[in-house]
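Hi,

Here's the structure I promised to pass along. Have a look at it first, and my notes follow underneath.

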Amino acid sequence: MTFTVRRPAPGTAPLISADELPPLGHFIDGKFTEPGPELSDVLDPATEELLVRVPLGGVEDTDRAVAAARAAHPAWARVTPKERSEVLLAVAERIDANADLLIRLESADTGKPFAVSRDDIGMAADGFRFMAGALRAPSSSMASGEYVADHTSVMLREPLGVIGAVTPWNYPLLMGAWKIAPILAAGNCLVLKPSEQTPLSTLKFAELVADLLPAGVFNVVTGRGSVVGDRLARHPDIAMIALTGSTSSGQAVARAAADTVKRAHLELGGKAPFVVFEDADLKAAAAGLRTAGFWNSGQECGAACRVLVHASVAEEFTAHVVREIEQITVGDPRAGDAIEIGPLVSKPHYDRVRGYLGRAIAQGARPVVGGTALDEDRPGYFVAPTVLSDVAEGAEITREEVFGPVVSIETFTDEDEAIRRANDVDAGLAASVWTESARRSHAVAARLDAGTVWVNSHLVLANEVPWGGFKGSGYGRDLSVYALEDYSRTKHVMHHHGR
Ligand code: NAD
(Lines give C-alpha, C1' and ligand atoms only; values in the text may rest on other atoms or scores of the structure.)
Protein backbone atom coordinates (compact mmCIF):
# COMPACT_ATOMS: atom_id res chain seq x y z
CA MET A 1 0.00 0.00 0.00
CA THR A 2 1.11 3.63 -0.46
CA PHE A 3 0.51 6.50 1.91
CA THR A 4 -0.91 9.79 0.73
CA VAL A 5 -0.07 13.06 2.42
CA ARG A 6 -3.22 14.70 3.68
CA ARG A 7 -3.16 18.47 3.03
CA PRO A 8 -5.49 21.15 4.36
CA ALA A 9 -8.35 22.34 2.17
CA PRO A 10 -7.40 25.30 -0.05
CA GLY A 11 -7.87 28.56 1.82
CA THR A 12 -7.27 27.02 5.28
CA ALA A 13 -5.87 29.72 7.55
CA PRO A 14 -2.23 29.53 8.69
CA LEU A 15 -1.72 27.95 12.10
CA ILE A 16 -0.48 31.16 13.59
CA SER A 17 -1.18 34.81 12.78
CA ALA A 18 1.47 37.54 12.79
CA ASP A 19 0.14 39.12 15.97
CA GLU A 20 0.38 35.79 17.83
CA LEU A 21 4.12 35.38 17.19
CA PRO A 22 6.46 36.08 20.09
CA PRO A 23 8.70 39.17 20.12
CA LEU A 24 11.77 38.22 18.10
CA GLY A 25 14.67 39.19 20.33
CA HIS A 26 16.54 37.63 23.21
CA PHE A 27 14.74 37.67 26.56
CA ILE A 28 17.25 39.11 29.01
CA ASP A 29 16.62 40.60 32.46
CA GLY A 30 12.84 40.48 32.01
CA LYS A 31 12.74 42.28 28.63
CA PHE A 32 13.06 41.41 24.97
CA THR A 33 16.08 42.95 23.24
CA GLU A 34 16.07 44.47 19.77
CA PRO A 35 17.07 41.75 17.25
CA GLY A 36 20.70 42.02 16.15
CA PRO A 37 21.86 42.01 12.50
CA GLU A 38 22.36 38.24 12.14
CA LEU A 39 19.12 36.31 11.70
CA SER A 40 18.15 32.73 10.93
CA ASP A 41 15.06 31.51 9.09
CA VAL A 42 12.39 29.57 10.94
CA LEU A 43 10.33 27.46 8.49
CA ASP A 44 7.07 25.53 8.70
CA PRO A 45 8.26 22.01 7.74
CA ALA A 46 4.85 21.01 6.37
CA THR A 47 4.81 23.85 3.82
CA GLU A 48 8.46 25.00 3.75
CA GLU A 49 7.13 28.56 4.12
CA LEU A 50 9.10 31.10 6.11
CA LEU A 51 7.44 31.79 9.47
CA VAL A 52 9.89 34.39 10.83
CA ARG A 53 13.54 35.29 11.18
CA VAL A 54 15.00 34.95 14.65
CA PRO A 55 18.23 36.58 15.87
CA LEU A 56 21.39 34.51 16.08
CA GLY A 57 22.87 35.59 19.39
CA GLY A 58 26.56 36.01 20.04
CA VAL A 59 28.91 35.75 22.99
CA GLU A 60 28.03 39.29 24.14
CA ASP A 61 24.29 38.53 24.26
CA THR A 62 25.03 35.35 26.21
CA ASP A 63 27.28 37.18 28.64
CA ARG A 64 24.61 39.83 29.28
CA ALA A 65 22.04 37.13 30.00
CA VAL A 66 24.42 35.36 32.38
CA ALA A 67 25.14 38.64 34.17
CA ALA A 68 21.39 39.28 34.56
CA ALA A 69 20.86 35.77 35.95
CA ARG A 70 23.78 36.14 38.33
CA ALA A 71 22.45 39.46 39.63
CA ALA A 72 18.98 37.96 40.16
CA HIS A 73 20.19 34.81 41.89
CA PRO A 74 20.78 35.88 45.51
CA ALA A 75 17.22 37.17 45.88
CA TRP A 76 15.62 34.21 44.04
CA ALA A 77 17.60 31.72 46.16
CA ARG A 78 16.18 33.34 49.31
CA VAL A 79 12.54 33.11 48.21
CA THR A 80 10.85 30.60 50.51
CA PRO A 81 9.77 27.24 49.09
CA LYS A 82 6.13 28.21 49.58
CA GLU A 83 6.49 31.41 47.56
CA ARG A 84 8.60 29.73 44.85
CA SER A 85 5.99 27.03 44.62
CA GLU A 86 3.26 29.63 44.11
CA VAL A 87 5.24 31.18 41.25
CA LEU A 88 5.57 27.80 39.54
CA LEU A 89 1.86 27.13 39.97
CA ALA A 90 1.13 30.49 38.35
CA VAL A 91 3.43 29.55 35.44
CA ALA A 92 1.48 26.28 35.00
CA GLU A 93 -1.79 28.21 34.96
CA ARG A 94 -0.40 30.64 32.38
CA ILE A 95 0.56 27.73 30.13
CA ASP A 96 -2.90 26.21 30.49
CA ALA A 97 -4.60 29.54 29.78
CA ASN A 98 -2.60 29.87 26.54
CA ALA A 99 -2.53 26.20 25.61
CA ASP A 100 -4.38 26.62 22.32
CA LEU A 101 -1.91 29.24 21.10
CA LEU A 102 1.13 27.25 22.27
CA ILE A 103 -0.19 24.09 20.57
CA ARG A 104 -0.67 25.89 17.25
CA LEU A 105 2.73 27.58 17.52
CA GLU A 106 4.49 24.29 18.28
CA SER A 107 2.75 22.56 15.37
CA ALA A 108 3.64 25.41 12.98
CA ASP A 109 7.29 25.41 14.02
CA THR A 110 7.85 21.62 14.08
CA GLY A 111 5.09 20.14 11.87
CA LYS A 112 3.80 18.08 14.80
CA PRO A 113 0.24 16.78 14.62
CA PHE A 114 -2.04 18.45 17.17
CA ALA A 115 -2.21 15.29 19.29
CA VAL A 116 1.54 15.52 19.90
CA SER A 117 1.58 19.28 20.54
CA ARG A 118 -1.38 18.93 22.90
CA ASP A 119 0.42 16.23 24.85
CA ASP A 120 3.63 18.35 24.97
CA ILE A 121 1.92 21.45 26.31
CA GLY A 122 -0.19 19.52 28.82
CA MET A 123 2.85 17.70 30.17
CA ALA A 124 4.85 20.95 30.33
CA ALA A 125 2.19 22.59 32.52
CA ASP A 126 1.97 19.49 34.70
CA GLY A 127 5.76 19.53 35.09
CA PHE A 128 5.61 22.97 36.68
CA ARG A 129 2.81 21.74 38.98
CA PHE A 130 4.81 18.68 39.99
CA MET A 131 7.93 20.72 40.78
CA ALA A 132 5.82 23.29 42.67
CA GLY A 133 4.74 20.47 44.99
CA ALA A 134 8.04 18.56 45.11
CA LEU A 135 10.12 21.55 46.13
CA ARG A 136 8.09 21.91 49.34
CA ALA A 137 8.69 18.34 50.49
CA PRO A 138 12.13 18.01 52.13
CA SER A 139 13.91 14.83 51.07
CA SER A 140 15.54 12.30 53.38
CA SER A 141 19.02 13.50 52.37
CA MET A 142 18.29 16.62 54.43
CA ALA A 143 18.21 14.56 57.66
CA SER A 144 20.27 16.04 60.50
CA GLY A 145 21.79 14.27 63.47
CA GLU A 146 24.64 13.77 65.91
CA TYR A 147 27.13 11.49 64.11
CA VAL A 148 30.22 12.50 66.13
CA ALA A 149 30.01 13.07 69.88
CA ASP A 150 29.11 16.69 70.73
CA HIS A 151 28.72 17.58 67.05
CA THR A 152 25.40 18.13 65.35
CA SER A 153 25.38 17.76 61.58
CA VAL A 154 22.95 19.68 59.39
CA MET A 155 22.63 18.59 55.77
CA LEU A 156 21.51 21.36 53.44
CA ARG A 157 20.47 21.27 49.82
CA GLU A 158 21.43 24.54 48.14
CA PRO A 159 20.82 25.87 44.66
CA LEU A 160 23.82 25.68 42.33
CA GLY A 161 23.57 29.28 41.09
CA VAL A 162 23.16 30.09 37.40
CA ILE A 163 22.51 27.16 35.05
CA GLY A 164 22.89 27.11 31.27
CA ALA A 165 20.24 25.02 29.50
CA VAL A 166 20.29 23.95 25.85
CA THR A 167 17.29 22.29 24.23
CA PRO A 168 16.57 20.36 20.98
CA TRP A 169 13.97 20.79 18.24
CA ASN A 170 11.93 17.61 18.74
CA TYR A 171 9.94 18.79 21.79
CA PRO A 172 10.88 22.47 21.98
CA LEU A 173 8.74 23.73 24.86
CA LEU A 174 8.45 20.38 26.64
CA MET A 175 12.22 19.88 26.81
CA GLY A 176 12.46 23.52 27.92
CA ALA A 177 9.95 22.87 30.72
CA TRP A 178 11.86 19.73 31.80
CA LYS A 179 14.80 22.05 32.47
CA ILE A 180 13.13 25.29 33.58
CA ALA A 181 10.77 23.80 36.18
CA PRO A 182 13.31 21.88 38.33
CA ILE A 183 16.03 24.50 37.84
CA LEU A 184 13.78 27.27 39.17
CA ALA A 185 12.21 24.98 41.79
CA ALA A 186 15.65 24.27 43.26
CA GLY A 187 16.30 28.03 43.56
CA ASN A 188 18.57 28.57 40.56
CA CYS A 189 18.41 31.11 37.77
CA LEU A 190 18.97 30.10 34.16
CA VAL A 191 19.86 31.11 30.64
CA LEU A 192 18.19 28.85 28.09
CA LYS A 193 19.17 28.44 24.45
CA PRO A 194 16.45 26.76 22.39
CA SER A 195 17.23 24.97 19.13
CA GLU A 196 17.89 27.50 16.37
CA GLN A 197 15.36 25.56 14.27
CA THR A 198 12.42 25.78 16.70
CA PRO A 199 12.73 28.75 19.09
CA LEU A 200 9.20 30.14 18.85
CA SER A 201 7.37 28.39 21.71
CA THR A 202 10.25 29.11 24.11
CA LEU A 203 10.17 32.82 23.21
CA LYS A 204 6.38 32.84 23.56
CA PHE A 205 6.69 31.17 26.95
CA ALA A 206 9.14 33.90 28.03
CA GLU A 207 6.65 36.56 26.92
CA LEU A 208 3.78 34.82 28.74
CA VAL A 209 5.56 34.43 32.08
CA ALA A 210 7.51 37.71 32.04
CA ASP A 211 5.30 39.26 34.74
CA LEU A 212 5.40 36.14 36.96
CA LEU A 213 9.16 35.75 37.39
CA PRO A 214 11.52 38.39 38.80
CA ALA A 215 13.66 39.98 36.05
CA GLY A 216 16.82 37.98 35.34
CA VAL A 217 15.65 34.72 36.92
CA PHE A 218 14.84 33.21 33.51
CA ASN A 219 16.57 34.35 30.30
CA VAL A 220 16.49 33.12 26.71
CA VAL A 221 19.21 33.68 24.11
CA THR A 222 18.50 32.32 20.63
CA GLY A 223 21.29 31.22 18.32
CA ARG A 224 23.66 28.47 17.34
CA GLY A 225 24.87 25.71 19.61
CA SER A 226 28.46 26.30 18.56
CA VAL A 227 28.22 29.97 19.66
CA VAL A 228 25.60 30.51 22.41
CA GLY A 229 25.57 26.91 23.69
CA ASP A 230 29.35 26.75 23.69
CA ARG A 231 29.63 30.05 25.57
CA LEU A 232 27.20 28.79 28.21
CA ALA A 233 29.25 25.63 28.60
CA ARG A 234 32.47 27.67 29.08
CA HIS A 235 31.19 30.69 31.03
CA PRO A 236 32.90 30.93 34.43
CA ASP A 237 29.73 32.22 36.13
CA ILE A 238 27.65 29.22 35.05
CA ALA A 239 27.58 26.43 37.61
CA MET A 240 26.10 23.69 35.43
CA ILE A 241 25.34 23.13 31.76
CA ALA A 242 22.24 21.02 31.07
CA LEU A 243 21.78 19.82 27.50
CA THR A 244 19.20 17.72 25.75
CA GLY A 245 20.48 16.83 22.31
CA SER A 246 22.56 14.44 20.30
CA THR A 247 25.44 12.47 21.75
CA SER A 248 27.99 14.50 19.73
CA SER A 249 26.64 17.79 21.16
CA GLY A 250 26.81 16.25 24.64
CA GLN A 251 30.43 15.33 24.12
CA ALA A 252 31.22 18.89 22.92
CA VAL A 253 29.47 20.42 25.93
CA ALA A 254 31.19 18.11 28.43
CA ARG A 255 34.58 18.94 26.92
CA ALA A 256 33.87 22.69 27.04
CA ALA A 257 32.56 22.44 30.61
CA ALA A 258 35.74 20.73 31.80
CA ASP A 259 37.81 23.94 31.65
CA THR A 260 35.81 25.49 34.49
CA VAL A 261 35.13 22.14 36.23
CA LYS A 262 31.46 22.77 35.63
CA ARG A 263 28.84 20.13 36.22
CA ALA A 264 27.17 18.76 33.08
CA HIS A 265 23.69 17.25 32.87
CA LEU A 266 23.27 15.39 29.58
CA GLU A 267 20.12 13.89 28.06
CA LEU A 268 21.35 12.49 24.76
CA GLY A 269 20.32 10.20 21.94
CA GLY A 270 18.72 6.78 22.15
CA LYS A 271 18.24 3.57 20.15
CA ALA A 272 15.58 1.82 22.19
CA PRO A 273 15.09 -1.94 21.74
CA PHE A 274 11.55 -3.34 21.82
CA VAL A 275 11.97 -6.98 22.80
CA VAL A 276 9.06 -9.29 21.99
CA PHE A 277 9.11 -12.82 23.44
CA GLU A 278 7.19 -15.77 22.05
CA ASP A 279 4.74 -15.67 24.99
CA ALA A 280 3.83 -11.97 24.47
CA ASP A 281 0.40 -10.66 23.53
CA LEU A 282 1.50 -10.00 19.96
CA LYS A 283 -1.49 -7.90 19.00
CA ALA A 284 -1.02 -5.62 22.00
CA ALA A 285 2.69 -5.34 21.27
CA ALA A 286 1.99 -4.33 17.66
CA ALA A 287 -0.51 -1.71 18.83
CA GLY A 288 2.08 -0.46 21.33
CA LEU A 289 4.67 -0.17 18.57
CA ARG A 290 2.38 2.09 16.55
CA THR A 291 2.74 4.78 19.20
CA ALA A 292 6.15 3.87 20.58
CA GLY A 293 7.87 3.82 17.20
CA PHE A 294 5.99 6.55 15.37
CA TRP A 295 4.98 9.21 17.93
CA ASN A 296 6.29 12.61 16.78
CA SER A 297 7.23 10.97 13.44
CA GLY A 298 9.78 8.86 15.32
CA GLN A 299 11.71 12.02 16.20
CA GLU A 300 11.82 10.85 19.78
CA CYS A 301 14.85 9.87 21.83
CA GLY A 302 13.00 6.96 23.48
CA ALA A 303 11.39 5.75 20.23
CA ALA A 304 11.03 1.98 19.88
CA CYS A 305 13.01 1.96 16.65
CA ARG A 306 14.61 -1.47 17.02
CA VAL A 307 12.35 -4.52 17.38
CA LEU A 308 13.90 -7.80 18.49
CA VAL A 309 11.28 -10.54 18.17
CA HIS A 310 11.54 -14.28 18.88
CA ALA A 311 11.99 -16.08 15.53
CA SER A 312 9.06 -18.44 16.22
CA VAL A 313 6.53 -15.56 16.28
CA ALA A 314 8.27 -13.07 13.97
CA GLU A 315 5.96 -13.67 11.02
CA GLU A 316 2.76 -13.39 13.04
CA PHE A 317 4.00 -10.32 14.93
CA THR A 318 5.14 -8.60 11.70
CA ALA A 319 1.69 -9.19 10.16
CA HIS A 320 0.06 -7.46 13.17
CA VAL A 321 2.56 -4.59 12.88
CA VAL A 322 1.85 -4.15 9.16
CA ARG A 323 -1.90 -3.98 9.86
CA GLU A 324 -1.36 -1.32 12.54
CA ILE A 325 1.12 0.87 10.70
CA GLU A 326 -0.80 0.84 7.41
CA GLN A 327 -3.63 2.62 9.23
CA ILE A 328 -1.48 5.67 10.09
CA THR A 329 -2.58 8.95 8.51
CA VAL A 330 0.25 11.19 7.33
CA GLY A 331 -0.17 14.89 6.70
CA ASP A 332 0.09 18.58 7.46
CA PRO A 333 -1.22 19.24 10.99
CA ARG A 334 -3.69 21.73 9.52
CA ALA A 335 -5.47 18.82 7.81
CA GLY A 336 -7.03 17.97 11.18
CA ASP A 337 -6.99 15.73 14.18
CA ALA A 338 -6.78 12.50 12.17
CA ILE A 339 -3.13 13.22 11.33
CA GLU A 340 -0.86 10.88 13.27
CA ILE A 341 2.43 11.63 11.53
CA GLY A 342 3.60 15.01 10.32
CA PRO A 343 6.68 15.98 8.33
CA LEU A 344 10.24 15.72 9.56
CA VAL A 345 11.57 18.92 11.03
CA SER A 346 13.93 20.19 8.31
CA LYS A 347 15.42 19.50 4.89
CA PRO A 348 18.81 18.36 6.26
CA HIS A 349 17.06 15.96 8.64
CA TYR A 350 14.75 14.70 5.85
CA ASP A 351 17.81 14.02 3.67
CA ARG A 352 19.52 12.27 6.58
CA VAL A 353 16.55 9.94 7.20
CA ARG A 354 16.20 9.18 3.48
CA GLY A 355 19.91 8.35 3.42
CA TYR A 356 19.48 5.80 6.23
CA LEU A 357 16.46 4.28 4.47
CA GLY A 358 18.21 4.00 1.11
CA ARG A 359 21.29 2.37 2.65
CA ALA A 360 19.26 -0.07 4.78
CA ILE A 361 17.29 -1.25 1.75
CA ALA A 362 20.45 -1.47 -0.38
CA GLN A 363 21.96 -3.65 2.38
CA GLY A 364 19.08 -6.13 2.18
CA ALA A 365 16.40 -4.87 4.60
CA ARG A 366 12.91 -5.39 3.22
CA PRO A 367 10.32 -2.60 3.67
CA VAL A 368 7.09 -4.37 4.65
CA VAL A 369 5.44 -0.97 5.10
CA GLY A 370 6.57 2.36 3.55
CA GLY A 371 10.24 2.72 2.73
CA THR A 372 10.22 5.97 0.80
CA ALA A 373 9.76 9.71 1.09
CA LEU A 374 6.27 10.95 0.17
CA ASP A 375 5.09 13.71 -2.17
CA GLU A 376 8.65 14.56 -3.14
CA ASP A 377 7.52 17.01 -5.82
CA ARG A 378 5.46 19.04 -3.32
CA PRO A 379 6.47 21.09 -0.27
CA GLY A 380 6.93 19.37 3.10
CA TYR A 381 9.43 16.87 4.45
CA PHE A 382 7.19 13.78 4.56
CA VAL A 383 8.50 10.22 4.93
CA ALA A 384 6.22 7.16 4.93
CA PRO A 385 5.89 5.26 8.19
CA THR A 386 8.33 2.46 7.52
CA VAL A 387 8.84 -1.03 8.90
CA LEU A 388 11.93 -2.89 7.72
CA SER A 389 12.14 -6.65 8.12
CA ASP A 390 14.93 -9.14 7.29
CA VAL A 391 17.34 -6.81 9.04
CA ALA A 392 20.74 -8.33 9.75
CA GLU A 393 22.38 -8.19 13.16
CA GLY A 394 24.77 -5.24 13.35
CA ALA A 395 23.36 -3.43 10.28
CA GLU A 396 23.71 0.38 10.37
CA ILE A 397 19.92 0.80 10.75
CA THR A 398 20.06 -1.21 14.01
CA ARG A 399 22.91 0.79 15.53
CA GLU A 400 22.51 4.48 14.62
CA GLU A 401 19.79 6.84 15.73
CA VAL A 402 17.67 7.53 12.62
CA PHE A 403 15.18 9.80 14.41
CA GLY A 404 12.44 9.29 11.83
CA PRO A 405 9.34 7.08 11.29
CA VAL A 406 11.44 3.98 10.71
CA VAL A 407 11.36 0.76 12.73
CA SER A 408 13.60 -2.24 12.02
CA ILE A 409 12.71 -5.84 12.91
CA GLU A 410 15.34 -8.44 13.81
CA THR A 411 14.85 -11.94 15.22
CA PHE A 412 16.46 -13.87 18.06
CA THR A 413 16.20 -17.41 19.35
CA ASP A 414 16.77 -17.27 23.13
CA GLU A 415 16.61 -14.90 26.11
CA ASP A 416 20.37 -14.45 26.50
CA GLU A 417 20.74 -13.57 22.85
CA ALA A 418 17.86 -11.08 23.05
CA ILE A 419 19.47 -9.31 26.00
CA ARG A 420 22.95 -9.29 24.51
CA ARG A 421 21.71 -7.76 21.26
CA ALA A 422 19.36 -5.31 22.98
CA ASN A 423 22.34 -3.98 24.97
CA ASP A 424 24.79 -4.04 22.08
CA VAL A 425 24.56 -0.35 21.12
CA ASP A 426 26.22 2.82 22.46
CA ALA A 427 22.92 4.28 23.68
CA GLY A 428 21.18 3.25 26.91
CA LEU A 429 18.18 5.53 27.26
CA ALA A 430 15.12 3.29 27.08
CA ALA A 431 13.97 -0.24 26.30
CA SER A 432 10.89 -2.41 26.58
CA VAL A 433 10.17 -6.07 27.09
CA TRP A 434 6.93 -7.74 25.97
CA THR A 435 6.08 -10.99 27.73
CA GLU A 436 3.31 -12.62 29.75
CA SER A 437 5.86 -14.36 31.99
CA ALA A 438 6.27 -12.78 35.44
CA ARG A 439 9.77 -14.23 35.83
CA ARG A 440 10.90 -12.95 32.46
CA SER A 441 9.41 -9.49 32.96
CA HIS A 442 11.62 -9.01 36.05
CA ALA A 443 14.70 -10.89 34.87
CA VAL A 444 14.95 -9.20 31.47
CA ALA A 445 14.14 -5.72 32.81
CA ALA A 446 16.94 -6.14 35.35
CA ARG A 447 19.48 -7.01 32.65
CA LEU A 448 18.56 -4.33 30.10
CA ASP A 449 21.06 -1.49 30.15
CA ALA A 450 18.67 1.46 29.89
CA GLY A 451 17.59 4.30 32.18
CA THR A 452 13.92 3.40 31.61
CA VAL A 453 12.59 -0.12 30.97
CA TRP A 454 8.92 -0.70 30.29
CA VAL A 455 7.20 -4.06 30.59
CA ASN A 456 4.33 -4.55 28.11
CA SER A 457 4.39 -0.83 27.39
CA HIS A 458 6.75 1.73 25.82
CA LEU A 459 7.06 5.54 25.81
CA VAL A 460 4.69 6.19 28.70
CA LEU A 461 6.08 8.99 30.87
CA ALA A 462 4.96 10.87 33.96
CA ASN A 463 6.37 13.88 35.77
CA GLU A 464 6.80 11.82 38.97
CA VAL A 465 9.28 9.34 37.47
CA PRO A 466 12.87 9.95 36.36
CA TRP A 467 13.99 10.11 32.75
CA GLY A 468 17.56 9.85 31.54
CA GLY A 469 20.12 7.49 30.13
CA PHE A 470 23.09 5.26 30.68
CA LYS A 471 26.21 4.91 28.48
CA GLY A 472 26.16 7.17 25.39
CA SER A 473 22.70 8.49 26.31
CA GLY A 474 24.25 10.68 29.00
CA TYR A 475 23.83 11.18 32.72
CA GLY A 476 21.66 13.22 35.05
CA ARG A 477 17.92 12.83 35.31
CA ASP A 478 15.04 14.93 34.02
CA LEU A 479 11.65 14.83 35.78
CA SER A 480 10.86 13.64 39.32
CA VAL A 481 12.63 14.53 42.56
CA TYR A 482 15.87 13.24 41.01
CA ALA A 483 15.94 16.28 38.69
CA LEU A 484 15.38 18.55 41.66
CA GLU A 485 18.37 16.95 43.38
CA ASP A 486 20.53 17.18 40.24
CA TYR A 487 20.00 20.94 40.19
CA SER A 488 21.11 21.44 43.77
CA ARG A 489 24.22 20.79 45.83
CA THR A 490 24.76 19.20 49.23
CA LYS A 491 26.32 21.14 52.06
CA HIS A 492 27.19 19.71 55.45
CA VAL A 493 27.25 22.19 58.35
CA MET A 494 28.62 20.74 61.60
CA HIS A 495 28.10 22.42 64.96
CA HIS A 496 30.38 21.62 67.89
CA HIS A 497 28.52 22.09 71.14
CA GLY A 498 30.75 20.27 73.67
CA ARG A 499 32.48 22.13 76.48
P1 NAD B 1 21.49 18.66 18.55
O2 NAD B 1 22.49 18.03 19.43
O3 NAD B 1 21.84 18.95 17.15
O4 NAD B 1 21.03 20.06 19.19
C5 NAD B 1 20.51 20.15 20.49
C6 NAD B 1 20.84 21.50 21.03
O7 NAD B 1 22.24 21.56 21.28
C8 NAD B 1 20.53 22.65 20.07
O9 NAD B 1 20.01 23.75 20.80
C10 NAD B 1 21.89 22.97 19.49
O11 NAD B 1 21.98 24.30 19.03
C12 NAD B 1 22.78 22.71 20.68
N13 NAD B 1 24.19 22.45 20.37
C14 NAD B 1 24.70 21.83 19.27
N15 NAD B 1 26.05 21.81 19.36
C16 NAD B 1 26.39 22.41 20.53
C17 NAD B 1 27.63 22.70 21.18
N18 NAD B 1 28.80 22.38 20.62
N19 NAD B 1 27.60 23.32 22.37
C20 NAD B 1 26.43 23.64 22.95
N21 NAD B 1 25.23 23.43 22.37
C22 NAD B 1 25.21 22.79 21.18
O23 NAD B 1 20.19 17.77 18.67
P24 NAD B 1 18.80 17.99 17.92
O25 NAD B 1 19.03 17.52 16.52
O26 NAD B 1 18.25 19.34 18.17
O27 NAD B 1 17.86 16.96 18.73
C28 NAD B 1 17.85 15.64 18.46
C29 NAD B 1 18.74 14.86 19.43
O30 NAD B 1 18.32 15.12 20.77
C31 NAD B 1 18.60 13.38 19.25
O32 NAD B 1 19.86 12.76 19.33
C33 NAD B 1 17.72 12.95 20.42
O34 NAD B 1 17.85 11.62 20.79
C35 NAD B 1 18.16 13.89 21.47
N36 NAD B 1 17.11 14.02 22.51
C37 NAD B 1 17.31 13.41 23.72
C38 NAD B 1 16.35 13.48 24.71
C39 NAD B 1 16.55 12.81 26.03
O40 NAD B 1 15.76 13.04 26.92
N41 NAD B 1 17.57 12.00 26.22
C42 NAD B 1 15.16 14.18 24.47
C43 NAD B 1 14.97 14.80 23.23
C44 NAD B 1 15.97 14.71 22.26
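Let's start with helix α3, residues 99-110. At 1.5 Å a residue, its twelve residues should span 16 Å, and the end C-alpha atoms are indeed 16 Å apart, so expectation and model agree. Bear in mind that this is a predicted model.

How much of α3 is buried? Eleven of its twelve residues are, so the helix is largely enclosed by the rest of the structure. The buried set isn't just greasy side chains: among them are Arg104, Glu106 and Asp109, along with Leu101, Leu102, Ile103 and Leu105. Those buried residues pack against two strands, β4 (39-44) and β5 (49-55), and against the helices α2 (81-97), α4 (114-134), α5 (172-185) and α6 (200-209). Just after α3 comes Gly111, with a positive phi of about 80°.

On to the nonpolar cores. The largest one has 128 residues, and Phe128, Phe205, Phe218, Phe274, Val276, Val307 and Phe317 have the most contacts inside it. Helix α4 gives the most to this core, with eleven residues. The core also draws at least three residues from each of domain 1 (15-268 + 474-491) and domain 2 (273-462). If you want one residue to click on, try Phe317: leaving out residues up to four places away in sequence, it touches Phe274, Val276, Leu282, Ala285, Ala286, Leu289, Val307 and Val309. There's a second, separate core of 16 residues, which includes Tyr350, Val353, Tyr381 and Val391.

Now the ligand, probably your favourite bit. It is surrounded by 29 residues, and the closest are Thr167, Trp169, Ser246, Ser249 and Glu401. Some polar distances to go with that:

- Glu196: a polar side-chain atom lies 2.8 Å from a ligand oxygen.
- Leu268: a backbone N or O atom lies 2.8 Å from a ligand nitrogen.
- Gly245: a polar backbone atom is 3.4 Å from a ligand oxygen.

Glu401 deserves a paragraph of its own. Where does Glu401 sit? In the loop between α12 (396-399) and β18 (406-412). Its relative accessible area is 24%, which means it counts as partly exposed. Gly270 is 131 residues away from Glu401 in sequence, yet their C-alpha atoms are 6.5 Å apart in space. The backbone nitrogen of Gly270 also lies 3.0 Å from a polar atom of the Glu401 side chain. Beyond four places in sequence, Glu401 touches Gly269, Gly270, Lys271, Cys301, Arg352 and Tyr356.

Shout if anything is unclear.

Cheers

Note on methods
Residues are numbered from 1 along each chain as its sequence is written. This is a predicted model: local features need pLDDT of at least 70, side-chain atom pairs count only at pLDDT 80 or more; totals for chains, interfaces and linings use all residues. Side-chain values use heavy atoms; hydrogens and water are left out. Helices (H or I, at least four residues) and strands (E, at least two) are DSSP runs, numbered from the N terminus. Buried means under 20% relative accessible area, exposed over 50%, partly exposed in between (1.4 Å probe, protein chains only). Contact means heavy atoms within 4.5 Å. A polar contact is a pair of N or O atoms within 3.5 Å; within protein, one must be able to donate a hydrogen and the other to accept it, and residues adjacent in sequence count only if both atoms are side-chain atoms. The expected span of a helix is 1.5 Å times one less than its number of residues. A nonpolar core is a set of buried Ala, Val, Leu, Ile, Met, Phe, Trp, Tyr and Cys residues joined through side-chain atoms within 4.5 Å. Domain bounds come from an automatic or database domain assignment. A residue is near a molecule or strand if one of its heavy atoms lies within 4 Å of it.
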